[in-house]
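Let's take a walk through this protein together, one site at a time. Keep the sequence and the model open beside you as you read.

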Amino acid sequence: MPAEPIPELLPETASWLRRRSWSAADRPVDLLLAAKRALGPAGTVSVVLPALDEEATVGDIVRIIRRELVERLPLVDELVVVDSGSTDATAAVAAEAGATVFHRDAILPRLPAAPGKGEVLWRSLLVTHGEIVCFVDADLREFDPALVSGIIGPLLTDAHIQLVKAMYDRPLAVAPGDSATGDAAVIPSGGGRVTELVARPLLNLHWPELAGFVQPLGGEYAARRSLLERLPFPTGYGVELGLLVDALETAGLDALAQVDVGVRHHRHQDGQALGRMAATIYRTALERLDRTHRLKASADLVHPLLTQFTRDPETRAFTAHTHPVTATERPPMHTVPEYATRR
């Protein structure tokens, strides 16, 4: 019996993967500095860290970016941390390290804030001014400034590029009891479980043009303000998938790119948190499938709740916990009156 042919990427995706995937080393810093100077105001860069209870890591990230990319290499013009309601010292630590800190609720106060990362990213457009906006998660460890310089590089050197995602390995630390030897272990590329189980299947099935992205849900990416201000922002965990899909629809595949920045170390969430994240991402995808008429289904087929279970340590009984799977989205920023008059 003849072997089945190995499925291939769409020709346009395979072409994109060859032409729009780079390494951070492909653009040396002297090239980036020269390109930034030539662009003038169009080359201004804002780095935004959305942060919620990240006092253990946000300070080191801010200090490294300020030292290496603001002072030593003047690539970053504005370094902002938006605090999403932290109960620890995140805001104080970030400010002491050299960031300009805003509280989420103080930005656009007429509109009550929705919980979620996407809400913070959307509001950050109102308090930043760079023509290139770079988002970086605040829970990263062993932070390398090439993560920022790498992903802003294509935007500084190629006028056709609109959005750049970082790609990297995501090591996963395995608890001692989970390993065959009983010792703690690290799976070099074991992170990104929601990416592999939810986001990648969704993209491959419904937006195969985006199948070449290595880390479609990664929190480190940069884009032109002129693109971001035209996109709706899902308020929760679906923001990365939503922005990527909408950027494809708005700017086209050739305007998107990715850059290899090596390894990304960050905090991992437990299984139930990942389940909530996965459900939100799935619903974000459904909204876009419906919006573009790619999915035909009755409204009652969507049940926007996720039920999970925990075992009571005393009774040993399972307890159900039901969480809403939110679909709130913020409109494109250019439609918000306050955006035009921001200072």
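The lining of the largest cavity is made up of 2 nonpolar, 6 polar and 1 charged residues. In this predicted model, that lining consists of Pro 234, Thr 235, Gly 236, Thr 280, Thr 284, Thr 326, Ala 327, Thr 328 and Glu 329. How is such a space found? Rolling a probe the size of a water molecule over the atoms shows where empty space is left. The largest cavity holds about 50 Å³ of space, and the count of cavities of 30 Å³ or more comes to 1.

Two of the lining residues, Thr 280 and Thr 284, take us to helix H10, which covers residues 271-291. Does the length of helix H10 agree or disagree with what its 21 residues should span? At 1.5 Å a residue, the helix should span 30 Å, and its end C-alpha atoms are 30 Å apart, so the two agree. After H10 comes His 293, whose phi is positive, near 60°.

Another lining residue, Glu 329, belongs to strand S16, residues 329-330, where we also find Arg 330. Is Arg 330 buried or exposed? Its relative accessibility is 11%, and because buried means under 20%, Arg 330 counts as buried. What does this side chain find to interact with? The side chains of Arg 330 and Glu 119 are joined by a polar contact of 2.7 Å. In addition, a polar atom of the Arg 330 side chain lies 3.2 Å from the backbone oxygen of Pro 112. If you leave out residues up to four places away in sequence, Arg 330 touches Leu 111, Pro 112, Ala 113, Ala 114, Glu 119, Trp 122, Arg 123, Pro 232, Phe 233 and Thr 235. One of these, Thr 235, also appears in the lining of the largest cavity, which brings us back to where we started.

Now let's look at some backbone angles. Most residues other than glycine have a negative phi, and most peptide bonds are trans. Against that background, Leu 108 is worth a look: its phi is positive, about 55°, although it is not a glycine. Leu 108 sits in the loop between strand S4 (100-103) and helix H5 (117-124). With a relative accessible area of 6%, under the 20% cut-off, Leu 108 is therefore buried. Asp 53 also has a positive phi of about 55° without being a glycine. Its place is in the loop between strand S2 (45-51) and helix H3 (58-72). At 33% relative accessibility, Asp 53 counts as partly exposed.

Moving on from helix H5, we come to Thr 128, in the loop between H5 and strand S5 (132-135). Its relative accessible area is 0%, so Thr 128 is buried. Which partners does its side chain have? A polar atom of the Thr 128 side chain lies 2.9 Å from the backbone oxygen of Ser 124, and the side chain makes a polar contact of 2.8 Å with the side chain of Arg 225. Setting aside neighbours within four places in sequence, Thr 128 is in contact with Ser 46, Val 48, Glu 78, Val 80, Arg 225 and Arg 342.

Another threonine to visit is Thr 13, in helix H1 (residues 11-19). Thr 13 is buried too, with a relative accessible area of 0%. Its side chain has a polar atom 3.1 Å from the backbone oxygen of Pro 208. Beyond residues up to four places away in sequence, Thr 13 touches Pro 208, Glu 209, Ala 211, Gly 212 and Leu 253. The C-alpha atoms of Thr 13 and Leu 253 are 8.4 Å apart, though 240 residues separate the two along the chain.

Leu 79, in strand S3 (residues 78-83), is buried with a relative accessible area of 3%. Outside its neighbours up to four places away, Leu 79 touches Val 47, Leu 49, Val 62, Ile 65, Arg 66, Ala 99 and Thr 100. Leu 79 and Leu 49 lie 30 residues apart along the chain, and their C-alpha atoms are separated by 8.2 Å.

Finally, step back to the whole chain. There are 11 helices and 16 strands, and 49% of the 343 residues count as buried. Among contacts with a separation of 6 or more, 73% come from residues 24 or more positions apart.

Definitions and conventions. Residues are numbered from 1 along each chain as its sequence is written. This is a predicted model: local features need pLDDT of at least 70, side-chain atom pairs count only at pLDDT 80 or more; totals for chains, interfaces and linings use all residues. Side-chain values use heavy atoms; hydrogens and water are left out. Helices (H or I, at least four residues) and strands (E, at least two) are DSSP runs, numbered from the N terminus. The expected span of a helix is 1.5 Å times one less than its number of residues. Buried means under 20% relative accessible area, exposed over 50%, partly exposed in between (1.4 Å probe, protein chains only). A polar contact is a pair of N or O atoms within 3.5 Å; within protein, one must be able to donate a hydrogen and the other to accept it, and residues adjacent in sequence count only if both atoms are side-chain atoms. Contact means heavy atoms within 4.5 Å. On a 1 Å grid over the protein atoms alone, a cavity is a set of points where a 1.4 Å probe fits but cannot get out, and a pocket is an open set with protein on both sides within 12 Å along at least five of seven lines; lining residues have an atom within 4 Å of a point. Grid points are joined across faces, edges and corners, and a volume is the space filled by probe spheres set on the points. Ala, Val, Leu, Ile, Met, Phe, Trp, Tyr, Cys and Pro count as nonpolar, Asp, Glu, Lys and Arg as charged, and the others, Gly among them, as polar.
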